[in-house]
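Grab a pencil and open the viewer. Here are a few exercises to work through at your own pace, each with a solution to check yourself against.

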Amino acid sequence: MKKFISYLLTLMIIVFMFAQLSFVTFADEQTVDIPATQLGTSDTYYSFDAQTKTLTISGEGATPDFSNSTVPWYNWRSASIDKVVVEDGITTLGKYLFCYVNASQFELADSIRTIKEGTFYCVNKTKTIVLPNKLESIGAKAFYSSYNFEEIFIPKTVKMIGMSAFESCSKLSKVNFESDYMTVSIGSKAFFKCPMLKSIFLPRNAKLSSYSIGYSAATAGSIYDGFKMYAYRDSSAYTYAGKNVIDCVLRDSMAVFLDDVIVREYLAGSLDDTMYFTFTPQVTDEYAFSSDGDVDVDCILINSAGEEKGPYDDNSNFDRNFTAKELLNAGETYTYKINSDMSAGEFSVKLVQSHSYTQDIIPPDLYHDGYTINTCIYCGYQYKFDFVERTGKDISGTVVLMENPSGEHSHNLPLCNVSVHSGDYDTVTDEDGYFYFTVPKTAESITIRSPYGVDRTVLADNCNLGSIAFFAYDYVQDGYVNAKDYAWLRSRFGSDDKSLDYNQDGVVNQDDWIYAEAFFTYGKITESIYD
């Protein structure tokens with residue numbers, strides 16, 4: 001009986017092994033293309049090109065979270081995928097998305113902001129992954145046990161590196177932070193059990209947790225032999241090194257980026273320290289490096305040849321901060337050397353690029369003021385100055401009917417389609433007798449003209465000339481106002497001639513004649529009518 005049971009168990013083991021072997025052999029191969037297929041209920045998709053062995057993630061937003069065995073490509077993750085491409089539009093890589101995917105190349109879109117827990121768990125073929133340049137968060141165990149990793153570059157936008165993010169990356173030897181003053185929280189065991197990581201330069205604003213860096217085991221004193229940290233005295237990393245008895249080299253130099261505000265601190269034990277900020281401009285221009293805060297610091301500018309300018313000290317008797325403003329040459333590295341006056345406290349520094357301008361002079365015209373405009377050749381910023389008043393002036397008024405030979409216009413009956421001139425500039429009155437136009441400032445007068453009237457010239461000494469009475473009864477245009485004009489006007493009764501419809505009731509009739517009859521025995525008409 002015992003032998004039978006033994007034989008049965010052996011047979012079961014053999015059958016199981018063959019079943020597993022068959023399964024693995026099948027699972028490791030994906031030989032046909034997969035079209036874009038939705039990932040869960042998200043707006044993200046995966047596709048596979050069997051010829052190039054490329055897995056592509058596309059769509060918008062966050063991919064779903066998975067366990068390490070529920071991704072769609074789990075059964076062929078090891079041997080069938082040689083390249084992974086995450087396209088623009090993806091913002092979050094979900095949990096365990098590429099777990100055990102042994103691709104030799106990963107291309108990640110810059111739209112990615114978050115890498116979640118275990119995303120690259122045990123990715124063991126590639127030596128490095130270029131992280132998106134706007135990445136903000138690296139989740140717990142994101143690269144756990146990716147033992148072939150040799151180097152990682154952390155963009156300055158990263159705010160958080162999660163617990164055990166790079167734990168057991170046994171070949172990882174270089175960790176580079178883009179900015180010396182980026183604010184980043186480094187979780188517990190983030191770089192735990194990384195025996196090849198013998199040194200690391202930490203940003204001033206890096207916050208470390210227990211066993212974050214340098215530990216081979218989670219026990220006090222289990223620091224790798226020869227491990228060394230490079231940290232600023234006024235930093236959490238320096239405190240971490242002292243607490244954990246780690247060899248720490250003090251950093252005094254910090255690269256500075258344009259427009260970033262860098263906060264530093266003089267502590268009671270660091271008042272003799274000199275701080276250095278280095279900058280290599282991309283373009284030749286004037287740059288201003290300045291301080292802000294309650295600590296009295298001064299600055300010396302040193303070029304690549306070792307030549308010094310300064311010191312730059314108090315901006316005024318009331319402001320203890322400095323401003324070092326100088327022309328710097330593209331490609332040359334400059335160093336700003338900062339010293340304190342032996343006072344402790346926080347201060348900040350900032351480097352800005354002065355604009356480099358091209359200048360255009362815009363002359364004034366009748367309608368617009370002239371000015372000089374400066375345009376920065378680097379950023380396009382513009383500003384205007386040296387304004388010159390325009391050469392024109394706006395003239396307006398209303399032309400109304402002169403109702404009798406005495407010049408009265410008590411009803412202010414508007415005259416439409418009357419021409420108004422000033423030199424080469426002209427306009428016509430509208431249905432309300434109103435006109436508005438722009439003339440040179442040198443224009444002294446305007447002239448009102450109508451085929452039924454006598455030209456009237458009016459001084460243009462004001463912008464609004466008010467109501468201007470105009471004679472308009474010489475209908476036959478012979479220089480006289482008499483029965484001929486009366487007969488002509490009577491012939492127009494019943495028409496809708498707007499130029500004769502003085503009371504604007506829509507028709508020329510007896511009501512319009514009332515205003516004209518006083519002129520029909522007037523005889524010869526001259527400009528004296530306006531005297």
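The exercises below all use this predicted model.

**Exercise 1.** Work out where Ser-212 sits in the chain, and decide whether Ser-212 is buried or exposed.

*Solution.*
Step 1: Look for the flanking strands. Ser-212 belongs to the loop that links strand 15 (205-208) and strand 16 (228-232).
Step 2: Check the relative accessible area, which is 0% for Ser-212. Anything under 20% counts as buried, so Ser-212 is buried.
Step 3: See what lies around Ser-212. Skipping neighbours within four places in sequence, its contacts are Ile-186, Gly-187, Ser-188, Lys-189, Ala-190, Phe-191, Phe-192 and Tyr-240.
Step 4: Look for a polar partner. A polar atom of the Ser-212 side chain is 2.8 Å from the backbone nitrogen of Ser-209. The cut-off for a polar contact is 3.5 Å.

**Exercise 2.** Sort the residues of strand 12 (residues 174-177) by face: which are on the covered one and which on the uncovered one? Then find how strand 12 pairs with strand 10.

*Solution.*
Step 1: Val-175 and Phe-177 make up the covered face of strand 12.
Step 2: Lys-174 and Asn-176 make up the uncovered face.
Step 3: Now turn to strand 10 (residues 151-154), which pairs with strand 12 in the parallel sense through four bridges.
Step 4: Pick out a residue pair. Lys-174 in strand 12 has Glu-151 standing opposite.

**Exercise 3.** Trace the open sheet that contains strands 27, 28 and 29, and say what order they come in.

*Solution.*
Step 1: The three strands run in the order 27-28-29, with antiparallel pairing.
Step 2: Find the edges. Strand 27 (357-362) and strand 29 (382-388) each pair on one side only.
Step 3: Get the twist. On average, neighbouring strands here are turned by 20 degrees against each other, ignoring direction.
Step 4: Zoom in on one pair. Strand 27 and strand 28 (residues 370-376) are joined by six bridges, and Ile-361 has Thr-372 in strand 28 as its bridge partner.

**Exercise 4.** Do the same kind of tracing for the open sheet of four strands: what is the strand order?

*Solution.*
Step 1: The order reads 32-31-34-35, and the pairing is antiparallel.
Step 2: At the edges are strand 32 (425-428) and strand 35 (456-459), each pairing on one side only.
Step 3: Neighbouring strands of this sheet are turned by 25 degrees on average, again with direction ignored.
Step 4: Take strand 31 (residues 419-422) and strand 32: four bridges hold this antiparallel pair. For Ser-419, the bridge partner in strand 32 is Val-428.

Key
Residues are numbered from 1 along each chain as its sequence is written. This is a predicted model: local features need pLDDT of at least 70, side-chain atom pairs count only at pLDDT 80 or more; totals for chains, interfaces and linings use all residues. Side-chain values use heavy atoms; hydrogens and water are left out. Two strands pair if DSSP finds at least two bridges between them. Helices (H or I, at least four residues) and strands (E, at least two) are DSSP runs, numbered from the N terminus. Axes are lines fitted to C-alpha atoms, for helices over the stretch in contact, and angles run from 0 to 180 degrees between N-to-C directions. Buried means under 20% relative accessible area, exposed over 50%, partly exposed in between (1.4 Å probe, protein chains only). A polar contact is a pair of N or O atoms within 3.5 Å; within protein, one must be able to donate a hydrogen and the other to accept it, and residues adjacent in sequence count only if both atoms are side-chain atoms. Contact means heavy atoms within 4.5 Å.
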